[in-house]
Amino acid sequence: MPGTHDMPSTIERSPKHAQQIWVTAHDSALKEYGHGRRAQQTAYAALKREYEKVDDHWEEKGRRGPSDAGAAHRGRPTAGGVDANASKTHLMDVAKRLDVHGRSSMTKGELVTAIQKANAKATRAARK
């Protein structure tokens, strides 16, 4: 299966179910669109319906569905795996796990951005 070889490291560090979703969607998209960015985007879109990026891996969300406005509408920017549609309480919990400083005074949008930055930093560190 091509998706197994093309799987990003953040998904390799994630639960088997997340890996399965990604590979299935990726391989299906390869048949439809061919190799390239669109196959990757399709696989991530499928993954984001059930998982959110936390730290350097993906974790199951409390509910299924789009993670942000970009995921709900094709062509719009997304929150990079952060479940921006989650409650502020949930985002605060994720920010606390990631040791985001100043989280108690952040708005929901600021929390999403801070979690994105913390996730990217953790992913860079895990790839070294």
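**Figure 1. The whole chain.** Of the 128 residues of the chain, 42% count as buried. Buried means under 20% relative accessible area, exposed means over 50%, and partly exposed lies in between (1.4 Å probe, protein chains only). This is a predicted model: local features need pLDDT of at least 70, side-chain atom pairs count only at pLDDT 80 or more, and totals for chains, interfaces and linings use all residues. Residues are numbered from 1 along each chain as its sequence is written, and side-chain values use heavy atoms, with hydrogens and water left out. The chain has 7 helices and 2 strands. Both are DSSP runs, numbered from the N terminus: helices are H or I with at least four residues, strands are E with at least two. Read from the N terminus, the order is α-α-α-α-β-β-α-α-α. About 7,500 Å² of the chain is exposed, and carbon and sulfur atoms supply 50% of that area. Accessible areas come from the Shrake-Rupley method with a 1.4 Å probe; for residues, only the protein chains shown count as cover. Now take contacts between residues at least 6 apart in sequence: 42% of them join residues at least 24 apart. Contact means heavy atoms within 4.5 Å.

**Figure 2. Close-up of Trp22, Tyr44 and Trp58, which form one aromatic cluster.** The structure holds 2 aromatic pairs. Rings of Phe, Tyr and Trp (its six-membered ring) pair if their centres lie within 6.5 Å; planes under 30 degrees apart count as stacked, over 60 as edge-to-face and the rest as tilted. Why is the pair of Trp22 and Tyr44 edge-to-face? Their ring centres are 6.2 Å apart and their planes meet at 75°, so the pair earns that name. Trp22 lies in helix 3 (residues 16-33) and Tyr44 in helix 4 (residues 37-48), so this pair ties together parts 22 residues apart in sequence. Trp22 is buried, with a relative accessible area of 0%. Tyr44 is partly exposed, at 22% relative accessibility. Tyr44 also pairs with Trp58, and this pair is tilted: 6.0 Å centre to centre, with 35° between the planes. Here Tyr44 in helix 4 is linked to Trp58 in strand 2 (residues 57-60), and the two are 14 residues apart. Trp58 is buried, at 3% relative accessibility.

**Figure 3. Close-up of Arg38 and the ring of Tyr33.** The charged end of Arg38 sits over this ring. It is 3.9 Å from the ring centre. A charge sits over a ring if NZ of Lys or CZ of Arg is within 6 Å of the ring centre and within 35 degrees of the ring normal.

**Figure 4. Close-up of Asp83, in the loop between helix 5 (69-72) and helix 6 (88-97).** Is Asp83 buried or exposed? Asp83 counts as buried, at 3% relative accessibility. Its side chain joins that of Arg63 through a polar contact of 2.8 Å. A polar contact is a pair of N or O atoms within 3.5 Å; within protein, one must be able to donate a hydrogen and the other to accept it, and residues adjacent in sequence count only if both atoms are side-chain atoms. Leave aside the neighbours within four places in sequence. Asp83 is then in contact with Glu52, Lys61, Arg63, Pro66, Ser67 and Leu91.

**Figure 5. Close-up of helix 7 (residues 108-127).** This helix has 20 residues and reaches 29 Å from its first C-alpha to its last. That is close to the 28 Å expected at 1.5 Å a residue. The expected span is 1.5 Å times one less than the number of residues. Which residues of helix 7 are buried? They are Leu111, Val112, Ala114, Ile115, Ala118, Asn119, Ala122 and Thr123. These buried residues pack against helix 2 (9-12), strand 1 (51-54) and helix 6.

**Figure 6. Close-up of Ala118 in helix 7.** Ala118 counts as buried, at 18% relative accessibility. Its C-alpha atom is 8.4 Å from that of Ala95, a residue 23 places away along the chain. Not counting residues up to four places away in sequence, Ala118 touches Leu98 and Val100.

**Figure 7. Close-ups of two loop residues, Asp55 and Asp99.** Asp55 lies in the loop between strand 1 and strand 2. Its phi is positive, about 65°, although Asp55 is not a glycine. Asp55 is partly exposed, at 29% relative accessibility. Asp99 lies in the loop between helix 6 and helix 7. Asp99 has a positive phi near 55°, and it is a residue other than glycine. Asp99 is partly exposed, with a relative accessible area of 47%.
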